[in-house]
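Please walk me through this structure. I am new to it and would like to know how its parts fit together.

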Amino acid sequence: MKAIGFTQHLDINDPESLFEFEKPVPSPKGHDLLVKVNAVSVNPVDIGVRRSGRGKLMTPKIIGWDACGVVEKVGTHVSLFKPGDRVFYAGSFKRPGSNSEYQLVDERIVGHAPKTLSDDEAAAMPLTSLTAYEALFEQLSLPTTSSENKGKTLLIVNGAGGVGSVATQLAANAGLTVIASASRPESIKWVKEHGAKHTVNHRNNLVDEVRKLGYKYVDYILELKDIDSHWKEMCELIKPEGTITSITENRRPINLRLLTPKKATFAWEWMYTKSYYHTDNMQTQHIILDKIAQLLDEDKLKGTLTQSLSPLNADNLRKAHSLVESGHMIGKVVVSGWEN
């Protein structure tokens with residue numbers, strides 16, 4: 001089968017930063033599905049893994065953590081899917097990624113693909129949807145009913161990115177007043193179209209920005225970009241006994257003492273935790289993805305695809321990486337359709 005990977009951590013403009021090669025088609029065992037991959041999306045995690053590291057790898061590393069495809073074969077313990085099922089998923093951090101013609105993925109972290117979305121549209125959704133859903137309803141512990149969230153506010157830092165675009169919608173649907181940060185006219189328009197009631201500019205002081213809107217504190221904060229720059233602002237803005245969740249890595253130590261007087265809670269969200277450690281609740285990702293597919297099919301959730309590239313080859317995958325690396329992406333970019 002064809003696969004795309006790297007052996008060196010190179011600049012994306014270098015043709016060797018991502019290149020095509022051949023490898024055997026793997027065989028499913030246990031809970032594995034063998035999926036024929038039709039479309040993949042690129043996320044910031046792809047950029048981070050491709051760029052970070054030194055030296056040369058002995059064998060090419062395949063990355064990619066978003067896919068839509070069709071189940072070809074199943075392992076002996078599979079009960080949730082059958083060959084021919086169209087699926088979407090984000091996969092595992094410990095296994096080869098989706099940038100290959102065929103991929104093995106555990107059924108417990110896979111969802112049935114939305115019926116009303118194309119492969120491109122579906123491939124844009126899994127990682128960001130899982131991250132947004134877990135961050136909101138598991139780490140922030142938001143109630144799922146509108147009545148319980150009435151009058152509650154959520155600040156989302158970086159609302160126009162992939163995760164922010166889904167989180168804004170899920171939170172608004174759950175009855176929260178969403179304040180999303182965005183700095184450009186096009187990103188401000190995007191977050192408002194996806195459910196934000198207010199916008200603030202994360203290039204300015206967020207405390208000043210939020211308080212100009214008339215809010216002294218917010219009940220919840222979801223941080224999606226640059227925790228180091230916004231940590232003190234978030235600690236000031238969070239309501240006493242409120243909760244902050246972040247998906248971004250800190251480069252400096254986080255001063256949790258700033259939260260002590262408010263008895264506030266801080267929690268990390270890492271979408272891969274369940275599959276990385278095979279936690280007891282790993283199958284919740286299957287349930288969440290099926291729920292996301294239903295919301296998309298019922299038009300209660302908008303897809304976040306903004307750019308499509310075809311065919312699925314190393315050249316177009318490098319272009320997609322460049323778009324994400326620019327830091328100005330709104331929504332998601334997908335690459336689809338393997339060359340014959």
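The count of aromatic pairs in this predicted model comes to 11. A pair of rings is described by how far apart the centres lie and by the angle of the planes. Take F19 and F21. Their ring centres are 6.0 Å apart and their planes meet at 55°, so this pair is tilted. An angle over 60 degrees would have counted as edge-to-face. F19 is buried, at 18% relative accessibility. F21 is buried too, at 17%.

W270 and Y272 give another arrangement. Their centres are 5.2 Å apart and their planes stand at 65°, so the pair is edge-to-face. W270 is partly exposed, with a relative accessible area of 36%. Y272 is buried, at 3% relative accessibility. Both rings belong to one aromatic cluster, together with W65, F93, Y276 and Y277. A charge joins the picture at Y276: the charged end of K94 sits over this ring, 4.8 Å from its centre.

Now turn to the nonpolar interior. In soluble globular proteins, nonpolar side chains tend to be buried together. Here the largest nonpolar core has 82 residues. Which of them touch the most other members? They are L33, F88, Y89, L136, L154, L170 and L222. Helix 3 gives the most to this core, with seven residues. Look at L136 in particular. Beyond its neighbours within four places in sequence, L136 is in contact with S141, L142, L154, A167, L170, A171 and L222. Apart from this core lies another, of 19 residues. Among its members are V157, I227, I238 and I244.

Next comes helix 10, residues 284-297. Its 14 residues reach 20 Å from the first C-alpha to the last, close to the 20 Å expected at 1.5 Å a residue. The buried residues of helix 10 are Q285, H286, I288, L289, I292, A293, L295 and L296. What covers them? The cover includes strand 6 (86-89), strand 8 (110-112), helix 3 (126-139), helix 5 (162-173) and helix 9 (273-277). D299 follows helix 10, and its phi is positive, near 60°.

End at helix 11, residues 314-325, where H321 is found. Is H321 buried or exposed? H321 counts as buried, because its relative accessibility is 0%. The side chain of H321 makes a polar contact of 3.0 Å with the side chain of R50. R50 is also one of the residues in contact with H321 once neighbours within four places in sequence are left aside. The others are I12, L18, V42, D46, I47 and I63.

How values were computed: Residues are numbered from 1 along each chain as its sequence is written. This is a predicted model: local features need pLDDT of at least 70, side-chain atom pairs count only at pLDDT 80 or more; totals for chains, interfaces and linings use all residues. Side-chain values use heavy atoms; hydrogens and water are left out. Helices (H or I, at least four residues) and strands (E, at least two) are DSSP runs, numbered from the N terminus. Buried means under 20% relative accessible area, exposed over 50%, partly exposed in between (1.4 Å probe, protein chains only). A polar contact is a pair of N or O atoms within 3.5 Å; within protein, one must be able to donate a hydrogen and the other to accept it, and residues adjacent in sequence count only if both atoms are side-chain atoms. Contact means heavy atoms within 4.5 Å. The expected span of a helix is 1.5 Å times one less than its number of residues. A nonpolar core is a set of buried Ala, Val, Leu, Ile, Met, Phe, Trp, Tyr and Cys residues joined through side-chain atoms within 4.5 Å. Rings of Phe, Tyr and Trp (its six-membered ring) pair if their centres lie within 6.5 Å; planes under 30 degrees apart count as stacked, over 60 as edge-to-face and the rest as tilted. A charge sits over a ring if NZ of Lys or CZ of Arg is within 6 Å of the ring centre and within 35 degrees of the ring normal.
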